[in-house]
Each structure stands twice: as C-alpha cells, then as structure tokens.
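Hi everyone, thanks for making time this morning. I'd like to walk you through a structure that may be new to you, so let's bring it up on the screen.

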Amino acid sequence: MQLKNENLAVVKPEAKRWGTLTIFNLWANAAQSLAGYTLAATLFLGPNTNAWLVLAGIAIAAILIIILLNLIGEPSVKYGIPFPVLARASMGIRGANVPALLRGSVAIFWYGAQTWFAAHAMSLLLRERWPQAVGGQWLAMDRIDWASLVLVSLFQALLFFKGINTIRWFINMAAPCVYGVMLALLWMLVVRSDGQFSFAVSTFFDRSIASWGDGLVQLIKVTGTMLALYAPIILSYGDFARFCKNESVMRRGNWLGITINMTGFAIIVLFTTIAAQSVFHQNLANPTDIVQKLGNLELSLIAAVVFFTATAGINVVANFVAPVNDISNLLPKYLGFRRAALITLFLAFLISALWPAVIKQIGFVAFVNWMGVFLAPAYGVILSHYYLVEKRQMDVGRLYYSESDGRYYYFCGWNPRALLTLLATCIVITMLAFFLPRGLVAGVDWLLAAAAACVVYWSVAKRS
C-alpha cells in the first residue's frame with residue numbers, strides 16, 4: 001500500500017518558505033470571513049450584552065487558540081508532515097483516515113457555504129446593475145444567483161490549482177485589502193451618522209450586567225463560541241505549519257496573527273455594527289446588508305470584490321487545503337493533489353447549489369457544528385501520543401511504511417486504543433448534549449472533549 005504522494009510527502013528544509021508575515025496574514029484571512037463577521041456582530045448585538053465582556057471573551061479565546069495551535073503545530077514544523085500523516089502516529093496508517101475524513105467533511109461543507117455567501121454578495125451587485133436579468137428560478141436561485149455562484153466557484157478553483165506558492169501569495173495580498181475596505185465602510189457610516197455614533201458607542205459599553213454570575217456566563221459563551229469557530233483549523237493546522245521556516249517563526253506568527261487579527265477585526269466589527277445601527281436604526285449583522293442599504297454603486301462593486309476575497313481567504317485557510325490532504329490520504333497512490341482538489345471542489349459546489357433550497361431549510365448547520373465538536377477528541381489523542389507516548393520523537397520514515405512490522409501499523413493499520421478513545425469521548429459528548437441544557441456545555445465542550453481524550457488515551461497507552 002502506497003502511503004506517499006506530492007501532497008503528503010515531507011516538506012524539505014529548502015521548501016519551508018513561510019515566515020512570520022505569512023502566518024500573520026493566514027490568521028487575518030481566517031478572521032475576515034463573512035461568517036466570522038456575522039458571528040462577531042451577533043455576539044455584540046445580543047440582549048443585555050456588554051461590549052467590554054464580549055471583547056474580553058474574544059481576547060481569552062485568542063490566548064487559548066494560540067496555545068492549542070503551538071502544541072499541534074510543533075510536530076508538523078519539526079518533521080515537515082501534514083495533519084493526516086501526523087494522525088497516523090496515534091491512529092495507525094489506516095486509522096488516520098477516520099479523523100481526516102471527518103475533518104475533510106466539515107471543511108467541504110463550510111467551503112460550499114462560504115462560497116454561497118460570497119456568490120450571494122456578488123449577485124446583489126449584479127442585480128443592481130442588470131435588474132432585467134432576474135428570472136429562471138431553480139433550486140431557489142435565479143439566473144443572476146447561478147451566474148454569481150459559477151463565477152465565484154471557478155475563480156477559486158483557478159486560484160487554488162496554482163499550488164501552495166500561489167496560495168501563499170494570495171494570503172499575503174488578501175488580508176490588507178479586506179482591512180482597507182472595512183475601515184472605509186466604517187468611516188462612511190460614521191460620517192453618515194450625523195454625530196449619533198459616539199452616543200451609540202456609549203450605550204454598547206455601558207450596558208449593565210445583572211450579576212457576576214450572568215457576566216461569567218456571557219464571558220464563557222463568547223470565549224467558547226470563538227473557540228468553536230477556529231476549532232477545525234486548529235486540528236489540521238499542521239497542513240500549513242509544515243511550511244514554516246522554524247518553530248520560532250510559527251509561534252511568533254501565531255501570537256501576532258491571532259491576537260491582533262481576532263481582537264482587531266472584532267473591534268472593527270463592533271464599531272461598524274454600532275455605526276450601522278446609528279444610520280439605519282436597526283441591527284444589521286451582515287456586512288452585505290449594510291453595503292446594500294448604503295446604495296453606493298462604487299462601494300457595492302468594491303465590497304463585492306472584497307467579500308469574495310475574504311471568502312476565498314477563509315476557504316483556503318480552513319476549507320480547501322485540509323480536505324485535499326485528507327482525501328489524498330485515503331488513497332495516496334491514486335489521489336494526488338489535482339484529483340483530490342477536483343473531488344473537493346465538486347462536492348463543495350454541490351453544497352453551494354443546494355444551500356438555499358435544501359440545506360438551509362433543514363438546519364444541517366447544527367449537525368455539522370456537532371461534527372466539528374467530535375474533532376476535539378482526535379486533537380486530544382494526537383497530542384497525547386506525540387507529547388506523552390512518543391516524547392516528541394517520531395519515526396517519520398515509518399509513518400510512510402505499510403508493512404505489518406511497521407511501528408505505526410498496530411492492528412491491521414488501526415490503533416484500537418486511539419479509536420476506542422475517540423468513540424467513548426464522542427458518546428459522552430452526545431450524552432451531555434441530550435441530558436444537560438445546551439447553555440451549560442456550549443463553548444467549553446471542545447476543550448473538555450480534547451482534555452478528556454488526552455487523559456483517557458494516555459492512561460490506556462501507559463498500561464500497555
């Protein structure tokens with residue numbers, strides 16, 4: 001059985017070209033998605049929510065995310081291996097497909113959803129320019145919607161097929177462009193607010209909290225929500241970390257990139273939300289709606305391009321590279337980069353096409369969010385194996401060795417201890433979801449699941 005191809009091979013030292021700036025911009029792209037904006041705005045617009053508490057929760061989440069990233073990124077930087085290959089050490093050369101395919105499924109779903117959001121933003125612009133083209137409804141989308149979806153999908157495909165160096169260039173280019181337009185949008189709203197902006201700011205920051213307990217609950221929920229947003233990227237961070245020049249570059253890029261971009265973008269979202277409320281006297285959590293209400297054709301054009309850029313940015317960071325590597329790991333001999341990429345793009349397009357008529361209506365998002373939570377035990381097992389079992393010393397050659405005498409062959413290519421740990425932890429998460437109010441476990445469930453899997457796997461591995 002062949003376990004190596006150009007996607008999964010060890011990155012040689014001379015090919016490690018990612019510096020601090022690239023990692024910084026990687027996290028800028030992760031923060032700037034339309035979904036991320038809407039989520040942050042929704043947190044600020046919550047009833048009886050104090051803006052200081054929300055910002056504090058985001059800052060705490062940023063610190064936790066940095067710690068988790070540095071832990072999972074170390075082996076990939078050190079050995080130059082992607083996430084699916086790293087998972088082979090703990091799960092087995094075949095068992096690694098379990099967390100890899102689960103991670104890939106979540107990524108493909110959100111790739112399709114993010115693509116639809118970008119296409120919808122573009123269709124709003126085209127609808128203003130060519131209103132007569134509306135018509136031909138099919139799957140809850142008209143001709144303009146379909147044209148926008150195909151255009152966005154093709155552009156992303158052409159960009160991503162250029163390879164990792166083009167992706168690195170795009171990451172470095174996209175981040176400052178999005179920030180520039182977001183600041184311009186904020187400035188335009190502040191000018192139009194006729195002095196109401198400063199008064200509205202004070203109302204968001206001066207909201208009283210009923211009790212310390214309520215404040216703590218708000219803080220935990222905000223922290224957990226932001227952590228859940230980044231959780232899939234955390235697990236497969238090795239797909240990018242392996243291109244870092246060294247561990248110092250990775251750690252510095254993570255600290256600067258996460259702290260500045262998560263908190264900085266949250267502040268921009270907060271002030272933009274407040275300014276939009278001052279101008280339109282209603283809560284608007286979607287930036288597309290804000291631009292549409294401004295009625296400025298030039299701004300709409302620029303915003304459509306920037307929203308697409310932001311979507312392509314989050315897709316490349318969270319939703320493209322991971323499933324391509326995960327699918328490639330399934331059959332490395334037959335699924336190289338191009339074939340795995342085509343499968344990813346095809347499945348993502350199906351999600352996009354079915355989003356408004358089917359997926360959005362049946363509430364599939366909650367199910368996929370739970371799939372994301374189930375990734376947490378895999379994170380715990382992988383860390384436990386690398387740091388506690390292997391003591392940070394892996395036999396990289398054996399990660400690509402398929403014979404039965406291999407170090408990571410275990411039982412027919414599967415590690416029963418790791419997979420049983422995953423199963424047991426997932427059962428516990430499901431039971432908590434059914435028997436406890438969701439508010440008690442929301443947000444911290446990912447951390448609890450990862451920690452529990454880490455401890456359970458270590459105790460089982462130690463005995464054996």
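How many salt bridges does the count come to? The count comes to four. Before I go further, please keep in mind that this is a predicted model.

Let me show you one of those salt bridges. Here the side chains of arginine 392 and glutamate 74 meet, with 3.4 Å from N to O. This pair links distant parts of the chain, as the two residues are 318 apart. Glutamate 74 belongs to helix α3, while arginine 392 lies in the loop between α16 (375–389) and α17 (416–435).

Stay with helix α3 for a moment, and turn to the surface. Ile63, Ile67, Leu71 and Trp255 form a nonpolar patch there, and together they have about 340 Å² of accessible area. Which helix gives the most to this patch? Helix α3, residues 51–79, does, with three residues. Tryptophan 255, for its part, is found in helix α11.

That brings us to α11 and its packing. Helix α2 (residues 34–44) packs with helix α11 (residues 247–280) at an angle of about 60°, and their axes are 9 Å apart. The crossing of this pair is right-handed. On the α2 side you can find Tyr37, Ala40, Ala41 and Phe44; they meet α11 residues including Phe265, Val269 and Thr273. By class, this contact has eight nonpolar residues, two polar ones and no charged ones.

Now for another helix pair, α1 and α13. Is their crossing left-handed or right-handed? α1 passes α13 in a left-handed crossing. Helix α1 covers residues 20–31 and helix α13 covers residues 297–330; their axes come within 7 Å and cross at roughly 115°. Leu26, Asn29 and Ala30 in α1 meet Ala310, Gly313, Ile314 and Val317 in α13. Those residues divide into five nonpolar, two polar and no charged.

That's my tour, and I'm happy to take questions.

Note on methods:
Residues are numbered from 1 along each chain as its sequence is written. This is a predicted model: local features need pLDDT of at least 70, side-chain atom pairs count only at pLDDT 80 or more; totals for chains, interfaces and linings use all residues. Side-chain values use heavy atoms; hydrogens and water are left out. Axes are lines fitted to C-alpha atoms, for helices over the stretch in contact, and angles run from 0 to 180 degrees between N-to-C directions. Helices (H or I, at least four residues) and strands (E, at least two) are DSSP runs, numbered from the N terminus. A crossing is left-handed if the near helix is turned anticlockwise from the far one by less than a right angle, and right-handed if clockwise. Contact means heavy atoms within 4.5 Å. Ala, Val, Leu, Ile, Met, Phe, Trp, Tyr, Cys and Pro count as nonpolar, Asp, Glu, Lys and Arg as charged, and the others, Gly among them, as polar. Patches are made of residues with over 30% relative accessible area and no salt bridge: like charges are joined within 9 Å, nonpolar side chains (Val, Leu, Ile, Met, Phe, Trp, Tyr) within 5 Å. Accessible areas come from the Shrake-Rupley method with a 1.4 Å probe; for residues, only the protein chains shown count as cover.
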